[in-house]
There are 6 protein chains.
Amino acid sequence: MTRFTRRYRFAAAHRLHSEKLTAAENAELFGKCNNPYGHGHDYLLEVSVCGDVDPSTGRVISPAQLDEYVKARIVDQFDHRNMNTEVPALAGRIPTTEVAAETIEDLLISDWPKDWSARLDKIRIYETKNNIFETTHEAR
Amino acid sequence: MTRFTRRYRFAAAHRLHSEKLTAAENAELFGKCNNPYGHGHDYLLEVSVCGDVDPSTGRVISPAQLDEYVKARIVDQFDHRNMNTEVPALAGRIPTTEVAAETIEDLLISDWPKDWSARLDKIRIYETKNNIFETTHEAR
Amino acid sequence: MTRFTRRYRFAAAHRLHSEKLTAAENAELFGKCNNPYGHGHDYLLEVSVCGDVDPSTGRVISPAQLDEYVKARIVDQFDHRNMNTEVPALAGRIPTTEVAAETIEDLLISDWPKDWSARLDKIRIYETKNNIFETTHEAR
Amino acid sequence: MTRFTRRYRFAAAHRLHSEKLTAAENAELFGKCNNPYGHGHDYLLEVSVCGDVDPSTGRVISPAQLDEYVKARIVDQFDHRNMNTEVPALAGRIPTTEVAAETIEDLLISDWPKDWSARLDKIRIYETKNNIFETTHEAR
Amino acid sequence: MTRFTRRYRFAAAHRLHSEKLTAAENAELFGKCNNPYGHGHDYLLEVSVCGDVDPSTGRVISPAQLDEYVKARIVDQFDHRNMNTEVPALAGRIPTTEVAAETIEDLLISDWPKDWSARLDKIRIYETKNNIFETTHEAR
Amino acid sequence: MTRFTRRYRFAAAHRLHSEKLTAAENAELFGKCNNPYGHGHDYLLEVSVCGDVDPSTGRVISPAQLDEYVKARIVDQFDHRNMNTEVPALAGRIPTTEVAAETIEDLLISDWPKDWSARLDKIRIYETKNNIFETTHEAR
């Protein structure tokens, strides 16, 4: 089996804030990230698929088809968006990168084309170069 | 003369929008960056100073003093802020990275300690890894 | 157990083309990569070995011995080569990076020195910074 | 004045070989790069423009217009091409990165839109992460 | 389950030398790294934790608490230190990065706060950009 | 004119300490870098040369000849060395990166081959990814 990982990028704004906590608790918990007017990051998204190499093409998956799928379902929804207010899949949730990673994985799995022999293996998001979040299909 | 460059980082949100243009003109000019709810970036700021190496210390400037100065005047004002609404020095301006670079340079020059032998040489900001903005003291 | 990963680099040219497909099918499948005159990449190869730390040396493997082995069997065969015509181990195969990864793993395993306590764990190749291919000894 | 730099990428193959030299001289001069079947790189191109910030837009140049211009004149000509045989602007020249940089600069200057207030400042190409080539409009 | 990885950095000096070997054996085994006066690296440490996302915070662990813990137990002990003479946890051991990785993992596990729901998953150290060492809690 | 920059790397240890200052002054001035047992970095050295492109070779300078020159005069003297005690050119000086940059430039200029048409343009050293030092031939 071979794992193929492809990188995508999106820039987005967010504010970390829980409706269930007081202002003081939010400030304590989220620090600068609780700033009411939001801030932003350039998110680097890695989508990993796993499968056998097709001898007739030498490939695990068509990168062009994967791009089209990830672009339509993820990048177009998140890029240059405010994750608190503009991404339906995150509605009512705190838009941490953990939550974004879970959500993106769910979005990718839910419509994964049945005729693709490669399966989704994992999602990794670099929120900044020092904060990396990963979630795997198997582990959940 | 030796040039010493030190890197700082701040995450911020912005929206590119001109009050003098129509909605259609803004959309045409700024594209996704005109999205009303904002988006964000991790800005990498390079501050370059120029001076002679002091033989008694082997240094052009004290990095600790430079850090304290840049942190107080720049990073604390911009980090985890919305540049449209929360950065006084940008009030009334379109918060492109060109404008942020000019503004940061002005903020650094205006109070540059008179007893520092090194002078500010230039400012460079990486908005993303593909968009780099630079402004020099001499050139203006 | 500790995993030690060492990075190597090689520049190579390739053209993606299947003899079993028509010109139109090749163009559809491989896009720009089917360009008849070839193009190239700087491949970054990660070789990971796994083993116990030897208390008398503090090491899992001798980096110098690993370098010598990887250089002789891989880098010297691939670096500054055209993978369609000049790499015997790829003869008759489509030189995608998936195929190169499998081939490199096979080449490394087939002569792995019997007196090395560390075993080959996996191979990862960065074709470009956005396309990453990985294959593991166990998974196959 | 503000300098704005934007990064573009293209993958290409080349072979370094001078028709005016003997086989032995070519091998001596170009080493592995003289390999007859070619090899390749992922070139990173930086295009820097210089100009005043337009107060009505906050920008030096429209990134979208610059992209369109650089894509049409440069990236479409070089990406996934063999620089020895497929790039008309390099015909008859040895496709080193020095020559590519000069050629790209000439291509950009020759049709630079007259109504752009920003001018081309310089071109920089990273052939690999360790080999960087730069050429400036003024210096020539 | 989600894995969260956070990066830390420390600069340190070391000399690779085994008291059990002769001078010639040490030179043969460690090469330049046996140089008696030491040399140094900027180590990049990745600490990965694994756990469920807490729905009330959207997080696996508090980054601020993790930072405080890693800083006190690791960074403050290793940063700007000579690993042969100044790091008690390495006393009597050869300060290779394999040994440093095992030691750092042991230091982190031994006092891991019992009230944290996330557990330590693995440690990775980049000694240089080409030498990467990883050790996992499970594997040992 | 074209500028060609080539990157080299060396790992070294140093301690920042001035014999002319008291222990307290040294601690105040150099902070952690005054630690008596030393620490280290992976230095990235950029050597930039400037010249015309030779039409018969397409090059500004022979990279192989430049490598040989920089390796013999610089890398072999600094790599895996303690800059306080093992680098003759730094004897009696505080081995800051400013001083190392000046020293390396002097070493390169002093024996620059007279038959090279390209001249040394500047030296840049990345001490860490956040601290960059540059010195130019002209500016001195």
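Chain B and chain E are not joined by any contact, and their closest C-alpha atoms lie 15 Å apart. The structure described here is a predicted model, and the same statement can be made for another pair of its chains, since no contact joins chain A and chain D, whose closest C-alpha atoms also lie 15 Å apart.

**The interface of chain A and chain B**

Chain A and chain B, by contrast, do meet, with 22 residues of chain A in contact with 22 residues of chain B. The size of an interface is often given as the accessible area lost when the parts come together. For chain A and chain B this buried area is about 1,600 Å², of which 49% falls on carbon and sulfur atoms. On the side of chain A, the residues that lose the most area to chain B are Tyr37(A), Asp42(A) and His80(A), which together account for 34% of what that side buries.

Polar and charged groups also pair across this interface, where 13 residue pairs are found in polar contact. Strand E1 (2-14), strand E2 (39-51), strand E3 (81-82) and strand E4 (119-128) of chain A are the elements that each give two or more residues to the side touching chain B. By kind, the residues of that side of chain A divide into 5 nonpolar, 9 polar and 8 charged. The count of salt bridges between the two chains is 2, and in a salt bridge between Lys32(A) and Asp79(B) the closest N and O atoms are 2.5 Å apart.

**Chain C and chain E**

A turn of 120 degrees, with a shift of 0.0 Å along the axis, lays chain C on chain E with an RMSD of 0.0 Å. The two copies are therefore related as by a three-fold rotation axis. Within chain C, the residue that comes closest to the rotation axis is Lys129(C), with its C-alpha at 8.5 Å.

**His80 in chain D and chain F**

His80(D) has a phi near 60 degrees, which is a positive value in a residue other than glycine, and for His80(F) phi is likewise positive and near 60 degrees. The table gives the place of each residue and its relative accessible area.

| Residue | Place | Relative accessible area |
|---|---|---|
| His80(D) | loop between helix H2 (63-78) and strand E3 (81-82) of chain D | 10% |
| His80(F) | loop between helix H2 (63-78) and strand E3 (81-82) of chain F | 9% |

Are these residues buried or exposed? His80(D) is buried, because its relative accessible area of 10% is under 20%, and His80(F), at 9%, is buried because its value is also under 20%.

Technical notes:
Residues numbered from 1 in each chain as written. Chains lettered and ligands numbered in written order. Predicted model: local features only at pLDDT ≥ 70, side-chain atom pairs only at ≥ 80, totals over all residues. Heavy atoms only, no water. Contact = heavy atoms within 4.5 Å. Buried area = accessible area lost by both parts, 1.4 Å probe. Salt bridge = Lys/Arg side-chain N within 4 Å of Asp/Glu carboxyl O. Polar contact = N/O pair within 3.5 Å; in protein donor to acceptor, adjacent residues only side chain to side chain. Helix = DSSP H or I, 4+ residues; strand = E, 2+ residues; numbered from the N terminus. Nonpolar A, V, L, I, M, F, W, Y, C, P; charged D, E, K, R; others polar. Least-squares fit on C-alpha atoms with pLDDT ≥ 70 in both. Buried < 20%, exposed > 50% of the residue type's maximum accessible area, 1.4 Å probe, protein only.
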